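Biologist: Please take me closely through one helix and its surroundings, then on to a sheet in the same chain.

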Amino acid sequence: MSDKVCIIGAGSSGVAAAKALKQAGIAFDCFEAGSAIGGNWRYMNDNGMSSAYRSLHIDTSRRNLQYPDFPTPDDWPDFPSHWQVIQYLEAYASHFGVLPHIRFNTKVAEVKPEAGAWRVSLENGESSLYRAVLVANGHLWDARWPDFPGHFDGPQIHSHDYKTADGFDGKHVLVVGIGNSAVDIAVDLCRRAASVQLSTRRGAWIMPKYILGIPTDRWSAFLIRKLKLPTPLARAIIARLMYLTVGDQERYGVKKPPHPMWREHATISQELLPYIGHGWIRMRPDVSALQGDSVAFADGSSAPVDAIIYATGYRTSFPFLDPGIFSVRDREPVRLYRRMLSASHPGLYFVGLVQPIGATIPLVEIQARWLAGVLGGRIALPDAATMQAEIAAHHRHVQSRYVDSARYTLEVDFRDYAGQMRRDMSQGRAGG
């Protein structure tokens, strides 16, 4: 058995893991299916797993986006484009010397336990044993499709495959969903399509990118990190500031959820409400049936439609892992200790398998250092019973705090979760 660790994937999580292991003096191999780093942020990524569209800009402002030890350039805009995010990731990987450790155009075919280690088999036929495997293959690539009754005669695509508004000129387009991608795509389309309709099953809180000229996530960071307010209270304050900024979103026709904003992810958009107000986008309720060249909605109305784009989320998949070893089930919080470690399969770890309230990139950097501490022997793990108790406690917390939706399967609170990992690292042992 090699003393090496295997990292699968070289997106923002994989390169953070590679950097942390390199700094800890832990030997590793990193396999990336595509020809370059970046994962979901690389537009037209040849690994086939990127959901980036041409107009994509990150929804986290650059100060909150960055890895803690590698600041973004001061002259960048508040919300960088995907091209700028890729430049940043490439600079990060180059600065910390991880690129030579990544094998590109190398796809992992199977990972399975063997003789107290992990057998990693590649599609090119190579196979090696590793003492541990860090899975960082992302969770925004395996498209989830809805199952509406009826049939539709026109083109239907998932938002994963949407790239530009080219080809939609003069067409009546229906976008299904009201998450960030759905809203971005509707806004991208509406000046070129004949009409754009946005269908939502239960509405969403629409959060502007700016409040009083300041990026909204900086307000959140100030309330949570500086004033030390609980996240629900901080988000309740943000909701009031939102109201003062944009007013009652239902006046625009966007249904508000029946629960407070702190129980879900808000949809972030500066353009949606004004574009609805200008008549560029029309809100619709849930789809009740597909009718060939039209679509029927839950309120009894219908409309002619030429094309449908489903922005209906993603399944969390690991094609190289037997589901009996590990899988993620919808509406069931991920059963991993500290959201990273399989309690029943020692040596199997996951990086970036989280959906935080807060920024993702700085959170995966903390995960990476935590894992390097465990693999380097600087953090002692608790026994299996303590791990299972922590997993169960997290499960109960997610079910009580967030709405019952597949979208919150991977949910974590940035401050609480980062605090747990930092305490583990400072104490040299992980707790319950």
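Modeller: Buried here means under 20% relative accessible area, exposed over 50%, and partly exposed in between (1.4 Å probe, protein chains only). This is a predicted model, where local features need pLDDT of at least 70, side-chain atom pairs count only at pLDDT 80 or more, and totals for chains, interfaces and linings use all residues. Residues are numbered from 1 along each chain as its sequence is written, and side-chain values use heavy atoms, with hydrogens and water left out.

Start with helix 5, residues 216-226. Helices (H or I, at least four residues) and strands (E, at least two) are DSSP runs, numbered from the N terminus. Thr216, Asp217 and Arg218 of helix 5 are buried. So are Ser220, Ala221, Leu223 and Ile224. Their cover, by contact (heavy atoms within 4.5 Å), includes three helices: helix 2 (62-65), helix 6 (231-246) and helix 10 (414-427). Strand 13 (206-207), strand 14 (210-211) and strand 15 (214-215) also help cover the buried residues. After helix 5 comes lysine 228, with a positive phi near 60°.

Now the sheet. It is open, with 4 strands in the order 9-18-19-20 and mixed pairing. Two strands pair if DSSP finds at least two bridges between them. Strand 9 (150-152) and strand 20 (302-304) are the edges; each has a single partner strand, so one side of each lacks a neighbour in the sheet. From one strand to the next, the twist averages 30°, with angles from 0 to 180 degrees between N-to-C directions of axes fitted to C-alpha atoms.

Look at strand 18 (residues 287-292) and strand 19 (residues 294-297): they run antiparallel, joined by 3 bridges. Valine 287 sits opposite phenylalanine 297 of strand 19.
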